[in-house]
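Trainee: I have a model open and would like to talk through its aromatic contacts and its sheet. Could you guide me?
Mentor: Gladly, let's look at it together.

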Amino acid sequence: MLDYYKRRAAVYERIYAKPERQADLRAIEAALPALFAGRSVLEVACGTGWWTPHGARDARRWLATDLNPETMDVARAKPMPACVEFRTADAWTFVEIGNETFDAAFAGHWWSHLALERVPAWLDALHARLEPGARVVLLDNRYVEGSSTPISRRDEHGNSYQLRSLDDGSRHEVLKNFPQRDEALALLGTRARAPQWTEYPHYWLLSYERS
Ligand SMILES: C[S@@+](CC[C@H](N)C(=O)[O-])C[C@H]1O[C@@H](n2cnc3c(N)ncnc32)[C@H](O)[C@@H]1O
């Protein structure tokens, strides 16, 4: 996954040019600022920073992290709210952010790339960096026939995969899951309070309080 997104960094945002997704994108961009107003936010796997300026608009602090310098270079070149700082960090350990804790977190298009059997461990790693009651917002794709890349296979854990091609001709098998609300909430279990699941035609957005 890391290598795939490194190679794709320069053209990653083509995914945000799909005409059929524009209405959803505008609605989500408009909804994000209020979710993080006044908060200190850890953004996980920020990539090229598509969501960063929207989420960070009214935040107190916004630490945008990704393990790929290549994707973050694209984000760094964009105008950003003054509260935004970038840092290379591994979303499985967050060691690079030291002892700092946050009262909110955001991850766009990250959950879908997690193997189902590893989601609980990732949630525990994230929640260890969050204060009790912190707001967590997860945003990801819904599977839409004709718009999403077809699923090529499923494994024994129930994970689904896609075969994707890049401009350099390389082919990549990418793990990409499309959870329903109840599946996501079951994985969260008692870690989450007051979950709110919002469905757009092409995306889902889950907001909850860390227990
Ligand atoms: C699908 S992109 C999402 C980018 C952005 N959040 C968005 O919604 O447009 C996934 C991102 O995860 C990053 N990534 C992969 N493995 C990572 C890891 N172990 N720690 C942090 N980021 C990672 C990739 O570099 C890539 O930027």
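**Rings and strands**

Mentor: A search of the whole structure, which is a predicted model, finds 13 aromatic pairs.

Trainee: Let's take Phe36 and Trp62: which kind of pair do their rings form?
Mentor: The ring centres are 5.1 Å apart. The planes stand at 90°, and over 60 degrees counts as edge-to-face. So the pair of Phe36 and Trp62 is edge-to-face.

Trainee: How many residues apart are the two partners in the chain?
Mentor: Phe36 belongs to helix α2 (residues 22-36), while Trp62 sits in strand β2 (residues 61-66). The pair therefore links distant parts of the chain. The separation is 26 residues.

Trainee: Trp62 also pairs with Phe106; what is the class of that pair?
Mentor: Here the centres are 6.3 Å from each other, with 45° between the planes. Planes under 30 degrees apart would count as stacked and those over 60 as edge-to-face. This pair, which joins strand β2 to strand β4 (residues 102-108) across 44 residues, is tilted.

Trainee: Is Trp62 buried or exposed?
Mentor: The cut-off for buried is under 20% relative accessible area. Trp62 has a relative accessible area of 0%, and its partner Phe106 has 1%. Trp62 is therefore buried.

Trainee: Which ring does the charged end of Arg118 sit over?
Mentor: Look for the ring whose centre is 3.9 Å from that charged end. Elsewhere, Arg153 lies over the face of Tyr161, at 4.0 Å from the ring centre. For Arg118, the ring is that of Trp92.

Trainee: Turning to the sheet, which are its edge strands?
Mentor: The sheet is open, with seven strands in the order β3-β2-β1-β4-β5-β10-β9 and mixed pairing. An edge strand pairs on one side only. That description fits β3 (84-88) and β9 (192-199).

Trainee: Which residue of β2 is the bridge partner of Val41?
Mentor: Strand β1 (residues 40-44) pairs with β2 in the parallel sense, over four bridges. Within β2, Val41 has as its bridge partner a residue we have already met in two aromatic pairs. The partner is Trp62.

Trainee: And at about what angle does α2 run to β10?
Mentor: Helix α2 lies across β1, β2, β4, β5 (130-141) and β10 (203-210). Helix α4 (residues 69-76) also packs on the sheet, where it touches β2 and β3, and its direction makes about 165° with that of β3. For α2 and β10, the angle is about 10°.

Key: Residues numbered from 1 in each chain as written. Predicted model: local features only at pLDDT ≥ 70, side-chain atom pairs only at ≥ 80, totals over all residues. Heavy atoms only, no water. Phe/Tyr/Trp six-rings, centres within 6.5 Å; stacked < 30°, edge-to-face > 60°. Buried < 20%, exposed > 50% of the residue type's maximum accessible area, 1.4 Å probe, protein only. Lys NZ or Arg CZ within 6 Å of the ring centre and 35° of its normal. Pairing = 2+ DSSP bridges. Contact = heavy atoms within 4.5 Å. Axes fitted to C-alpha atoms, helices over the stretch in contact; angles between N-to-C directions.
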